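Student: I have a structure open and would like to go through some of its labels with you. Could we take them one by one?

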Amino acid sequence: MLPSNYIALFFLLSSFAPLGKATFNLTFPTPHPNPDEVVQDVQRRVNASMSRRQTLQISQKDQSNCLTGNPIDDCWKCDPDWSNNRQRLADCAIGFGQYALGGKGGEYYIVTDSSDDDAVTPKPGTLRYAVIQTEPLWIVFPSNMLIKLKQELIFNSYKTLDGRGANVHIVGGGCITLQYISNVIIHNIHIHHCVQSGEANVRSSPTHYGWRTESDGDGISIFGSKDLWIDHCSLSHCKDGLIDAVMGSTGITISNNFFSHHNEVMLLGHSDDYKPDSGMQVTIAFNHFGEKLVQRMPRCRRGYIHVVNNDFTQWEMYAIGGSGNPTINSQGNRYTAPSNSNAKEVTKRVDTAEGDWRDWNWRSEGDIMVNGAFFVASGEGVEVKYEKAYSVEPKSAVLIDQLTMHSGVLGVGGRDNNLGKWSSGANGGGAGFSSGEDDGDDDYSDEMSGSNVPLSPPFSNRALFSLFNAMSSFLLLYTIPLSSML
């Protein structure tokens, strides 16, 4: 039986549809009725952002710190007070995941404890305690943190993981699982060295925990979920996939991420025969597929996959693969082939004869082919042709550089350290980065860390008290309602 406070919360949320329905909705997500409209909207937004950047007469410094032509970043980074307007981020997604609300409209939850000692009864202040709650939450980090998971981190609906202003690493068992939920935003987080876990009880909500079999060891595992946005994360070194989306998941945008050091990068679709994945719709935009990647960027089964304005800097086998007749719309990407003469082809039809894939809708528009790369197109109105490498137009190359220059984690721990930290508060109060000792475990560093700022241990009670005094604009879940700020 539900405690009375959760019963009250359920009725309260149910009066604000769709928030009240998300946690209990186990039906398969519904795809967008016209995916090409979404594709055109992405193009329109990119063109508008590039035009604004070219038109405004601003200094070079302002250009590097603010307007980039990337419509997602330009939406929120140009606000000098972004750290006090964090939920503005939820209005900035593009593509199929643009309707992901995350924790917008909910309270702020500050992660003050980096431990993960109990997957069934997580402590208040931990990340696991936050992500299982039923209400919308905007989850933030006041200090650098290394969170070593013991088991899968199973999310509930309407959550934003916002790592801006801190250097946050999630590693260990699982790692992140989004199963039969909706409206999640994961932003500015390092996710790496994820391993298999399971054969244990794990809590997925305040009122439910259950036995989990062995997980695959994905960085982010998406299962039967919708309206999801993964932005400005750095992913590497996982047991299975860095991001896998299966079992009818749809409404997903994967943007501005940095992928490296991995074999099977991204899987979209459960199997060739699983028909609900025909409704899968995914936007992959402004990502940097970096060094030591092998294949699956992505590997698609069924669905509609829009791959736009990404930078693929070499692969060992292929970049984009598929089976089961997926639609792949590749636009404005730069594909740099490896030196291996047998691995120049961008595309791969997996375990499928040419007579079967000739009608698949795979198209390439405005892509840049470098070092002998070529894309094999197919489908109605398109002859199967081998698009040999052509000279890179400087204007087009600069455009790709501009759109992807800040891919991966921003600020501390990332390549762009202009984002800033948490405010130290009045009179230098203790809300800045902690000076705890480094964990010292080289296995838990990734290639995007780029900072000597140490990761912090859990807050002490004194530090937590200082945090309350210094960070009055950020609110704990169980302290002050967000409405009091409005």
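Tutor: Happily; we will set values against cut-offs and see which labels follow. Keep in mind that this is a predicted model.

Student: How do you know that Cys-75 and Cys-92 are joined by a disulfide?

Tutor: Their sulfur atoms are 2.1 Å apart, and the cut-off for a disulfide is within 2.5 Å. The pair therefore meets the definition. Cys-75 is in helix α4 (residues 71-76), while Cys-92 is in the loop between α4 and β1 (107-110). These are distant parts of the chain, 17 residues apart.

Student: Why is the disulfide of Cys-75 and Cys-92 called left-handed?

Tutor: The torsion about its S-S bond is about -70°, so the link gets that name.

Student: What makes Cys-92 count as buried?

Tutor: Buried means under 20% relative accessible area. Cys-92 has 2%, so the label fits.

Student: How many disulfides are there in the whole structure?

Tutor: A search finds two. Besides the link just discussed, a disulfide joins Cys-175 to Cys-194, with an S to S distance of 2.1 Å. The link of Cys-175 and Cys-194 is left-handed, with -105° about the S-S bond.

Student: Which parts does the pair of Cys-175 and Cys-194 tie together?

Tutor: Cys-175 lies in the loop between β6 (168-173) and β7, and Cys-194 in strand β9 (residues 190-195), so the linked parts are 19 residues apart in sequence.

Student: Are Cys-175 and Cys-194 buried or exposed?

Tutor: Cys-175 has a relative accessible area of 0% and Cys-194 has 1%. Both values are under 20%, so both residues count as buried.

Student: Why is Cys-238 not bonded to the sulfur of Cys-194?

Tutor: The sulfur of Cys-194 is the closest cysteine sulfur to that of Cys-238, but the distance is 3.6 Å. A disulfide needs the sulfurs within 2.5 Å, so this pair is too far for a bond. Cys-238 is still buried, at 10% relative accessibility.

Student: What is the peptide bond from Gly-174 to Cys-175 like?

Tutor: That bond is cis, with omega near 10°. Another cis bond runs from Met-297 to Pro-298, with omega near 5°. Pro-298 is in the loop between β22 (293-295) and β23 (299-301). For context, most peptide bonds are trans.

Student: What is the phi of His-193, and where does this residue lie?

Tutor: Phi of His-193 is positive, about 50°, although His-193 is not a glycine. His-193 lies in strand β9. Asp-351, also not a glycine, has a positive phi near 50°, and sits in the loop between β29 and α6 (354-357).

Student: What makes Asp-351 count as exposed?

Tutor: The cut-off for exposed is over 50%. Asp-351 has 79% relative accessibility, so it passes.

Student: Why are β4 and β29 called edge strands?

Tutor: Eight strands form an open sheet with parallel pairing, in the order β4-β7-β12-β15-β19-β23-β26-β29. The strands β4 (153-154) and β29 (347-349) each pair on one side only.

Student: How do you know that β4 and β7 pair?

Tutor: Pairing calls for at least two bridges. There are two bridges in the parallel sense between β4 and strand β7 (residues 176-179), so they count as paired. In β7, Thr-177 is the bridge partner of Ile-154.

Methods
Residues are numbered from 1 along each chain as its sequence is written. This is a predicted model: local features need pLDDT of at least 70, side-chain atom pairs count only at pLDDT 80 or more; totals for chains, interfaces and linings use all residues. Side-chain values use heavy atoms; hydrogens and water are left out. Helices (H or I, at least four residues) and strands (E, at least two) are DSSP runs, numbered from the N terminus. Buried means under 20% relative accessible area, exposed over 50%, partly exposed in between (1.4 Å probe, protein chains only).
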